[in-house]
Amino acid sequence: MTNRCMKAVARLVALWLCVPVALVCGQKLRNTSKVDADAGKQIFKSACAACHGGDGRGTPKAVSGFEPPRTFPDFTKCDQTTPEPNSAWKDVITHGGPSRGFTEIMPSFGEALTSEQIDNVIEYVRGFCRNPHWARGELNLPLAQATEKAYPEDEVILRTAVNARGAPGVANEIVYEQRFGVKNQIEVSVPLTFRDQNHIWFGGVGDTVLGLKREIFSSLRSGSIMSLHGEVIAPTGNRLRGLGTGTTTFGMFGTFGQLFPTNTFVQFQGGADLPVHTELAPKSVFWHTAVGQSFVQNHGLGRLWSPMVEFLGDRQLTTGAKTDWDVLPEMQVTISRRQHIRANLGVRVPATNTAGRPVQVVFYILWDWADGRLNEGW
């Protein structure tokens with residue numbers, strides 16, 4: 001990469017990281033202060049149990065008088081409560097249900113309780129989930145464009161990459177992810193690519209990916225989470241058109257995420273792709289790293305901004321092959337008030353072996369479907 005290109009990328013990265021800092025610098029998502037669950041219990045019993053029940057399961061309809069779907073959440077269901085970070089709970093308690101697109105039945109307690117008292121209540125309510133093996137939502141780090149995250153999730157992602165330099169082309173991908181059990185996730189990915197070949201556009205489905213992720217370690221105290229992932233890449237794309245490899249490929253990789261008390265985060269992914277027929281597609285290895293920082297508006301309870309930069313290395317395991325390095329500055333931002341709809345925009349720039357490798361504008365829309373329908377939470 002030329003010095004001019006390197007300077008341009010550096011300026012872009014600096015802009016990506018500094019603009020949100022001026023807007024919301026200093027806010028924290030991860031609560032590192034001491035909390036008192038016993039004090040929270042007293043507040044819950046006096047102010048919350050009338051609706052949410054003394055056992056956290058919600059007051060029965062016969063007692064509350066509310067008709068479905070205005071029912072109360074069951075705090076004992078770990079699959080429903082652990083994916084939510086404390087910041088989401090605090091927003092609802094402080095500003096009421098409508099602040100996150102929930103029912104107006106949930107009142108605001110921002111004037112009745114201090115910030116510390118709300119933290120104590122949240123700590124007590126967390127105790128209704130009796131299984132400590134569920135990874136907490138704080139470890140569900142912002143999704144980077146190319147670096148997979150370790151947290152098992154329920155998401156649908158629509159990705160698009162447009163060649164801004166080099167041969168014209170548009171690559172799309174639909175990813176469906178569903179969590180099952182405490183630590184597992186299945187994934188299905190279907191690419192759809194359009195290319196200009198000799199001034200003639202063509203398109204089609206690429207190679208379909210079927211994957212399985214398993215979280216093997218997580219700790220909110222240390223801010224760490226680690227997972228292993230295996231996948232089968234089926235040769236559903238047309239190899240002659242450049243839409244697929246023409247052979248079944250087995251992929252394996254590990255992912256690791258680290259969240260710091262300042263809400264800086266680092267994510268790593270490393271693995272290999274092993275095709276069955278190496279005469280059609282070579283074996284390859286890759287290692288990806290994403291570094292970012294999350295900022296929240298409105299005293300830590302509003303829209304979430306997550307600027308990131310990725311460093312992407314890929315290498316084919318053939319004689320004389322060189323490692324391709326890319327730099328990818330990007331920005332993720334929550335769109336819905338519930339934060340279950342997010343968008344990410346970035347630019348992927350080749351840093352080495354640039355001949356024949358395009359600069360790409362990359363974009364995705366993410367829907368965390370377990371948090372609500374597309375038309376909810378706005």
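In this predicted model, strand β3 is the element that gives the most to a nonpolar surface patch, to which β3 contributes four residues. The patch covers about 890 Å² and is made by Y176, V188, V190, L192, F194, W201, V205, L210, V232, F250 and V276. At least two of the patch residues are supplied by β3, which spans 184-197, and at least two likewise by β4, which spans 200-205. Among the patch members, V205 is placed in strand β4; the relative accessible area of V205 is 39%, and V205 is therefore classed as partly exposed, since that class lies between the limits of 20% for buried and 50% for exposed residues.

Turning to the interior, the largest nonpolar core consists of 18 residues, within which F44, F75, W89, I93, V125 and F128 have the most contacts. Three helices, α2 (37-47), α6 (86-95) and α7 (115-126), each provide at least two residues of this core, and the largest share, amounting to five residues, comes from α7. For F128, when neighbours within four places in sequence are left aside, the residues in contact are F44, G54, D55, G56, F75 and T76; of these partners, F44 and F75 are also listed with F128 among the core residues that have the most contacts inside the core. A second core, separate from the one described above, comprises six residues, including L141, A144, L259 and A290.

Note on methods
Residues are numbered from 1 along each chain as its sequence is written. This is a predicted model: local features need pLDDT of at least 70, side-chain atom pairs count only at pLDDT 80 or more; totals for chains, interfaces and linings use all residues. Side-chain values use heavy atoms; hydrogens and water are left out. Patches are made of residues with over 30% relative accessible area and no salt bridge: like charges are joined within 9 Å, nonpolar side chains (Val, Leu, Ile, Met, Phe, Trp, Tyr) within 5 Å. Accessible areas come from the Shrake-Rupley method with a 1.4 Å probe; for residues, only the protein chains shown count as cover. A salt bridge is a side-chain nitrogen of Lys or Arg within 4 Å of a carboxyl oxygen of Asp or Glu. Buried means under 20% relative accessible area, exposed over 50%, partly exposed in between (1.4 Å probe, protein chains only). A nonpolar core is a set of buried Ala, Val, Leu, Ile, Met, Phe, Trp, Tyr and Cys residues joined through side-chain atoms within 4.5 Å. Contact means heavy atoms within 4.5 Å.
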